[in-house]
Amino acid sequence: MKRALTLFSLAVFMLLSAQQADAQIRKKTSAKSKREEQKKEKRMALLDKFNPEIKFGNLGFFNGLSVSSKMDLGYKLHNRFTAGGGMKVFYDQYSVIGPDPSVTDFGGLLFARGKITQEIYVQAEYAFMRYGKDPDGYRIRDLIETTTLNYPLIGLGYMSGTNKWRFGVELLYIANGQAQDIQSSVVEYWFGATYNF
């Protein structure tokens, strides 16, 4: 019995000594490192409010080639509301006899987005576009000179995914007759990726 009590006491003593040694070896967190950690967390929280996106769309293979791209950066005002701006580029190449003429249109945009669910959203956009004139000798879009046009768009989008990156589609109605004529469409459709949606 004495022997068991001695072994038990020795085991308790070694266990307590090991915990005390571990506590002495462990580094104490300084106030400075705590402040740095808090600053880092605030920076990360701020970065999580930004919502960059890249989208491609408006593909056309009839009578030539049409393709467009849109890049924007949003700021989350709330978990369900985002506002921001960006740019978009349209490229059209027309099939004709001889060398195929092409024209590039570009501009900026401002947008506001409201999430209906975590995947579906409604978006209002205002575009500031510069449409290039028709190539020399061709009357494809009836633009004799470079045209600047500002117009609103409104539509719906769907983004799928569960992590930071999401992928989806967006359909926007062009609410300007002249822009519809130039683009030969009443809607813009986009496929793309978004981060921090």
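I take contact to mean heavy atoms within 4.5 Å. I also note at the outset that this is a predicted model.

**Entry 1: overall layout**

I began with the elements of the protein and found three helices and eight strands. Read from the N terminus, their order is α-α-β-β-β-β-β-β-β-α-β. I then looked up burial: of the 197 residues, 32% are buried. For contacts with a separation of 6 or more, I noted that 52% join residues 24 or more positions apart. The accessible surface is about 13,000 Å², and carbon and sulfur atoms hold 64% of that surface.

**Entry 2: methionine 129**

Which residues does methionine 129 touch, leaving aside its neighbours within four places in sequence? I listed Lys88, Phe90, Asp105, Phe106, Gly107, Thr147, Thr148, Leu149, Asn150 and Tyr151. Met129 is also among the residues with the most contacts inside the largest nonpolar core, together with Tyr131, Leu149, Tyr151, Leu153 and Ala179. That core has 13 residues. I traced the elements that give two or more residues to this core: strand S5 (120-131), strand S6 (147-160), strand S7 (165-174) and helix H3 (177-183). In soluble globular proteins, nonpolar side chains tend to be buried together.

**Entry 3: the two faces of S5**

I followed the side chains along S5 and saw that they alternate. Tyr121, Gln123, Glu125, Ala127, Met129 and Tyr131 point to one face and are buried. Ile120, Val122, Ala124, Tyr126, Phe128 and Arg130 point to the other face and are not buried.

**Entry 4: the partners of S5**

I next examined strand pairing. Strand S4 (residues 102-115) pairs with S5 in the antiparallel sense over 10 bridges. The two strands form a hairpin, with four residues between them. As one bridge of interest, I recorded that phenylalanine 111 has glutamate 125 of S5 as its partner. S5 also pairs with S6, again in the antiparallel sense, over 12 bridges. Here I recorded that alanine 127 has tyrosine 151 of S6 as its bridge partner.

**Entry 5: a nonpolar patch on the surface**

Which residues form the nonpolar patch on the surface? I found Ile116, Ile120, Val122, Ile154, Leu156, Tyr158, Val169, Tyr173, Val186 and Phe191, with about 880 Å² of accessible area together. S5, S6 and S7 are the elements that give two or more residues to the patch. S6 gives the most, with three residues. Leucine 156, a member of the patch, lies in strand S6. I noted that Ile120 and Val122 of the patch are on the face of S5 whose side chains are not buried.

Key: Residues numbered from 1 in each chain as written. Predicted model: local features only at pLDDT ≥ 70, side-chain atom pairs only at ≥ 80, totals over all residues. Heavy atoms only, no water. Buried < 20%, exposed > 50% of the residue type's maximum accessible area, 1.4 Å probe, protein only. Areas by Shrake-Rupley, 256 points an atom, 1.4 Å probe, with all protein chains shown as cover. Core = buried A, V, L, I, M, F, W, Y, C linked by side-chain atoms within 4.5 Å. Pairing = 2+ DSSP bridges. Patch = residues over 30% accessible without salt bridge, like charges linked within 9 Å, V, L, I, M, F, W, Y side chains within 5 Å. Salt bridge = Lys/Arg side-chain N within 4 Å of Asp/Glu carboxyl O.
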